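Work through the exercises below with the model open beside you. Try each task before reading its solution.

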Amino acid sequence: MTSRERIMVCQKNLKTAMKEFIMANGADDCGVANIERFDNAPPEYHPKNLNERTKSVVVITMRVLRGSLRGLDQGTSRICYNSYSYGGLNERWLKNTLRNLAIWLEDRGYEATPVIQYVGKPPVEPMIDHRIAAVAAGLGEFGYSKVFLSKRFGPLQRIGVLLTDAEMEPDPIVVGEICDRCMQCVKECPGKAISSTETINIEIDGHKIEYGKLDVFKCALAHHGNIKETASYIPDDWDISDIMNKAKEKLREAKTQMDITVVEEWVFEEYYKRYKHPYDTLIWFLGQSCGYCGAKGCYRACLAHLEKAGRIDSPFHQPFRLPGQKPKDIPPKKTLEGGWRE
Ligand code: SF4
Ligand code: SF4
């Protein structure tokens, strides 16, 4: 055996042992992309901005519990989803597993950089696109909705990324097997944020990928509960269009992540001055996140379709939505004080 062959055997063993460790540490899937797969990444999203010695990009996924979506789909509760499948998943469990993995790799002499995921524009703090990393690591594909889809969970997972100087064989990329362009995500999106006509085209390691253009601003409005469709307790005289128009202007001028954060803070301050509901406190503090829309289109409608169409390997005894079952919106609830505002 040549020394190169011996190295390849060691690397193979490292990858197998690493994957076993990841799976034993709470992940539902994991894959590896070599750094060359990011050759065509926009310079500001390149993994080497975070660690210039990166040879491999390790990607892990953790499932969004299907049961955590039930309260949303039956119109009763948002907290379980926000806590267990959104804020808690991103901020606790994914980070714990990534940290444990980093320690495991560094104990074996390989530098490891877990990546923080945030919304905004690089390059104030470098970032990489987690969905692209997951596709590059062979874990699944982009849906038309721009959400990452896997064969086992459909849209229901969140992604963690770690960069390392360990050289490992990349996993094969598999795309084009799950999303069938049914457009249910477009139809059920309460924010009307996914275009049915305009698309974005990218290429990952020679694989051409197309998804619908997402209006991030419209998505954020729906997602953060700033439209009646996603926060039905909003009073009839609710009107924050002036705040949102001003924010839109400010966001267009924003150059850095800090600018964006300042605009967000301003929006919340203005919003709280006018309207406050205990639900906001619950979502933010118990749920650790801000998912009011509960991904009605890009998660729930997509999942219902993929299960029904047999495009994913669902282990569930009952379908996500029974025949004829429609998602219900959460009805208005008055504050403890009996009114809408404090
Ligand atoms: S709902 Fe899912 S399967 Fe249908 S087009 Fe959207 S992403 Fe694709
Ligand atoms: S998170 Fe909600 S508003 Fe945003 S794209 Fe998905 S369904 Fe639409």
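The exercises that follow concern a predicted model.

**Exercise 1. Take stock of the chain.**
State how many helices and strands the protein chain has, and what percentage of its residues are buried.

Solution.
Step 1. Count the secondary structure: the protein chain has 10 helices and eight strands.
Step 2. Turn to burial. Of the 342 residues in the protein chain, 38% are buried.
Step 3. Look at the contacts with a separation of 6 or more. Residues 24 or more positions apart account for 76% of them.

**Exercise 2. Lay out the four-stranded sheet.**
Give the strand order of the open sheet of four strands, and find its edge strands.

Solution.
Step 1. Read the order across the sheet: β1-β2-β6-β3, with antiparallel pairing.
Step 2. Find the edges. β1 and β3 (112–114) are the edge strands, as each pairs on one side only.
Step 3. Add the twist, which averages 25 degrees from one strand to the next.
Step 4. Place the helix. α3 packs on this sheet and touches β2, β3 and β6 (157–164). The direction of α3 makes about 25 degrees with that of β6.

**Exercise 3. Examine an edge strand.**
Describe how β1 pairs with β2, and decide whether β1 is mostly covered or mostly uncovered.

Solution.
Step 1. Strand β1 spans residues 29–34, and strand β2 spans residues 56–63.
Step 2. The two pair in the antiparallel sense, over six bridges.
Step 3. Fix the register with one pair: Asp29 stands opposite Thr61 in β2.
Step 4. Check burial. Five of the six residues of β1 are buried, so the strand is mostly covered.

**Exercise 4. Find the centre of the largest nonpolar core.**
Which residues have the most contacts inside the largest nonpolar core, and which helix gives the most to it?

Solution.
Step 1. The largest nonpolar core has 78 residues.
Step 2. Those with the most contacts inside it are Val57, Val59, Ala133, Ala136 and Ala137.
Step 3. Helix α3 (residues 79–107) gives the most to this core, with eight residues.
Step 4. Recall the background: nonpolar side chains tend to be buried together in soluble globular proteins.
Step 5. Follow Ala136, leaving aside neighbours within four places in sequence. Its contacts are Ala33, Arg37, Phe38, Val57, Ile173, Ile204 and Asp205.

**Exercise 5. Compare the two ligand shells.**
For ligand 1 and ligand 2, give the number of surrounding residues, the closest ones and the division by class.

Solution.
Step 1. Ligand 1 is surrounded by 14 residues. The closest are Gly143, Cys179, Cys182, Cys185 and Cys302.
Step 2. This shell divides into eight nonpolar, four polar and two charged residues.
Step 3. Name the helices. α5 (184–188) and α10 (296–308) each supply at least two residues of the shell around ligand 1. α10 gives the most, with four residues.
Step 4. Ligand 2 is surrounded by 13 residues. Here the closest are Cys189, Gly191, Cys219, Gly297 and Cys298.
Step 5. By class, the shell around ligand 2 has nine nonpolar, three polar and one charged residues.
Step 6. α6 (216–223) and α10 each supply at least two residues of the shell around ligand 2. α10 thus appears for both ligands.

**Exercise 6. Follow α6.**
Which residues of α6 are buried, and what covers them?

Solution.
Step 1. Cys219, Ala220, Leu221, Ala222 and His223 are buried in α6.
Step 2. Their cover includes β8 (207–214) and α7 (241–253).
Step 3. Look past the helix end. Just after α6, Gly225 takes a positive phi of about 75 degrees.

**Exercise 7. Classify three loop residues.**
Are Met183, Ala295 and Gly67 buried, partly exposed or exposed?

Solution.
Step 1. Met183 lies in the loop between β6 and α5. Its phi is near 70 degrees, a positive value in a residue other than glycine. Met183 is partly exposed because 16 other C-beta atoms lie within 10 Å.
Step 2. Ala295 sits in the loop between α9 (278–286) and α10. Phi of Ala295 is also positive, near 45 degrees. Ala295 has 28 C-beta neighbours inside 10 Å, so Ala295 counts as buried.
Step 3. Gly67 belongs to the loop between β2 and α2 (70–73). Gly67 has 12 C-beta neighbours inside 10 Å and therefore counts as exposed.
Step 4. Relate Gly67 to Cys80. They are 13 residues apart in sequence and 8.7 Å apart in space, C-alpha to C-alpha.

Methods. Residues numbered from 1 in each chain as written. Chains lettered and ligands numbered in written order. Predicted model: local features only at pLDDT ≥ 70, side-chain atom pairs only at ≥ 80, totals over all residues. Buried ≥ 20, exposed ≤ 12 C-beta atoms within 10 Å, placed from the backbone. Pairing = 2+ DSSP bridges. Core = buried A, V, L, I, M, F, W, Y, C linked by C-beta atoms within 7 Å. Contact = placed C-beta atoms within 7 Å. Axes fitted to C-alpha atoms, helices over the stretch in contact; angles between N-to-C directions. Near = placed C-beta within 6 Å. Nonpolar A, V, L, I, M, F, W, Y, C, P; charged D, E, K, R; others polar.
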